[in-house]
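Visitor: Can you walk me through this one? I'd like to start with what goes on between the chains.

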Number of protein chains: 2
Amino acid sequence: MAAAFEEAEAAFARGEVPVGCVVVDGASGAILARAGNRTVELADPTAHAEMLALRAACAVCGQPRLPDCDLYVTLEPCAMCAAAIGFARVRRLVYGADDPKMGGVRHGARVFAQPTCHHRPEILDGIDATRARDLLRRFFLERR
Amino acid sequence: MAAAFEEAEAAFARGEVPVGCVVVDGASGAILARAGNRTVELADPTAHAEMLALRAACAVCGQPRLPDCDLYVTLEPCAMCAAAIGFARVRRLVYGADDPKMGGVRHGARVFAQPTCHHRPEILDGIDATRARDLLRRFFLERR
């Protein structure tokens with residue numbers, strides 16, 4: 001989670017919504033990929049931290065599925081990212097702050113709670129939630 | 001929709017689930033981007049036709065939002081693609097066959113029906129649905 005926060009802080013410094021993500025090998029704990037939000041820089045609405053980290057981890061592994069991997073992200077994933085995490089067959093999802101407005105795990109689309117969901121990772125939420133929420137608050141306060 | 005089917009047929013020929021997508025300028029009707037599924041080729045679980053076409057259209061326009069654009073796709077988008085379509089502020093979504101198993105528009109996560117959904121495109125469904133369904137059926141029959 002420390003590396004995910006480094007990525008979130010780096011995103012903040014780039015003027016991006018401060019969310020960071022890492023994908024780790026579940027057995028060794030080695031980081032396979034890490035990313036922060038880059039939607040502004042890349043002019044790409046899909047360039048959320050989770051999507052970039054998932055795609056990079058799949059590129060490292062040479063396969064579209066990551067059944068032995070865990071994904072750490074500072075904020076509750078949105079519906080897009082949650083569905084992508086499911087497609088990638090991620091073993092465990094660990095996230096920080098809840099996101100009642102944009103989240104798609106515990107809120108909104110509740111992707112993994114749908115009967116049509118084909119893969120539901122183990123989910124650990126609320127990890128370093130206060131730090132993640134404070135980072136986002138500081139970002140949006142500065143933007144106002 | 002004809003171009004979307006060309007992309008779906010091309011995906012079929014590459015051994016990918018045959019779904020095709022185009023993003024058009026809503027005013028002129030000009031095609032900004034077109035893509036078929038490439039999840040196998042790219043080893044990327046996010047490489048659905050809609051995601052590739054959205055990202056390419058944003059790259060063409062140099063911005064992460066496409067409020068004057070319409071997206072045509074042969075199959076009901078999944079939750080990931082539906083959420084991405086929302087983030088991109090696509091004006092109109094036109095799709096072919098329903099997808100009760102993986103769809104996230106009329107089925108499953110019903111992304112645009114959530115109270116937390118920030119942008120809901122105009123939706124036209126069932127366009128050339130039989131052709132889209134037949135193409136998918138043929139693909140999965142051949143795979144068995």
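Guide: Between chain A and chain B there are 4 residue pairs in polar contact, both residues at pLDDT 80 or more. A polar contact is a pair of N or O atoms within 3.5 Å; within protein, one must be able to donate a hydrogen and the other to accept it, and residues adjacent in sequence count only if both atoms are side-chain atoms. This is a predicted model: local features need pLDDT of at least 70, side-chain atom pairs count only at pLDDT 80 or more, and totals for chains, interfaces and linings use all residues. Residues are numbered from 1 along each chain as its sequence is written, chains are lettered from A and ligands numbered from 1 in the order in which they are written, and side-chain values use heavy atoms, with hydrogens and water left out.

Visitor: Which elements of chain A give two or more residues to the side that touches chain B?

Guide: They are α3 (49-61) and α4 (79-87) of chain A. Helices (H or I, at least four residues) and strands (E, at least two) are DSSP runs, numbered from the N terminus. The most comes from α4(A), with 5 residues.

Visitor: And what is that side made of, by class?

Guide: It has 16 nonpolar, 9 polar and 3 charged residues. Here Ala, Val, Leu, Ile, Met, Phe, Trp, Tyr, Cys and Pro count as nonpolar, Asp, Glu, Lys and Arg as charged, and the others, Gly among them, as polar.

Visitor: How much area is buried between chain A and chain B?

Guide: About 2,300 Å², with carbon and sulfur atoms giving 73% of it. Buried area is the accessible area (1.4 Å probe) that two parts lose on being put together, summed over both. A:Pro45, A:Arg55 and A:Phe87 supply 25% of what chain A buries against chain B, more than any other three residues.

Visitor: How many salt bridges are there between chain A and chain B?

Guide: The count is 2, where a salt bridge is a side-chain nitrogen of Lys or Arg within 4 Å of a carboxyl oxygen of Asp or Glu. One joins the side chains of B:Arg55 and A:Asp44, at 3.3 Å from N to O.

Visitor: How are the two copies related?

Guide: A turn of 180° and a shift of 0.0 Å along the axis lay chain A on chain B with an RMSD of 0.0 Å. That is the relation of a two-fold axis. Copies are superposed by least squares on the C-alpha atoms of residues with pLDDT of at least 70 in both. A:Met80 is the residue of chain A that comes closest to the rotation axis, at 1.9 Å (C-alpha).

Visitor: Back to α4(A), then. Is it buried or exposed?

Guide: 9 of its 9 residues are buried, so α4(A) is largely enclosed by the rest of the structure. Buried means under 20% relative accessible area, exposed over 50%, partly exposed in between (1.4 Å probe, protein chains only). The cover includes α3, β3 (69-75) and β4 of chain A together with α3 (49-61) and α4 (79-87) of chain B.

Visitor: What is A:His118 in contact with?

Guide: Leaving aside neighbours within four places in sequence, A:His118 is in contact with B:Lys101 and B:Met102; contact means heavy atoms within 4.5 Å. A polar atom of the A:His118 side chain lies 3.5 Å from the backbone oxygen of B:Lys101. A:His118 sits in the loop between β4 (92-97) and β5 (122-124) of chain A.
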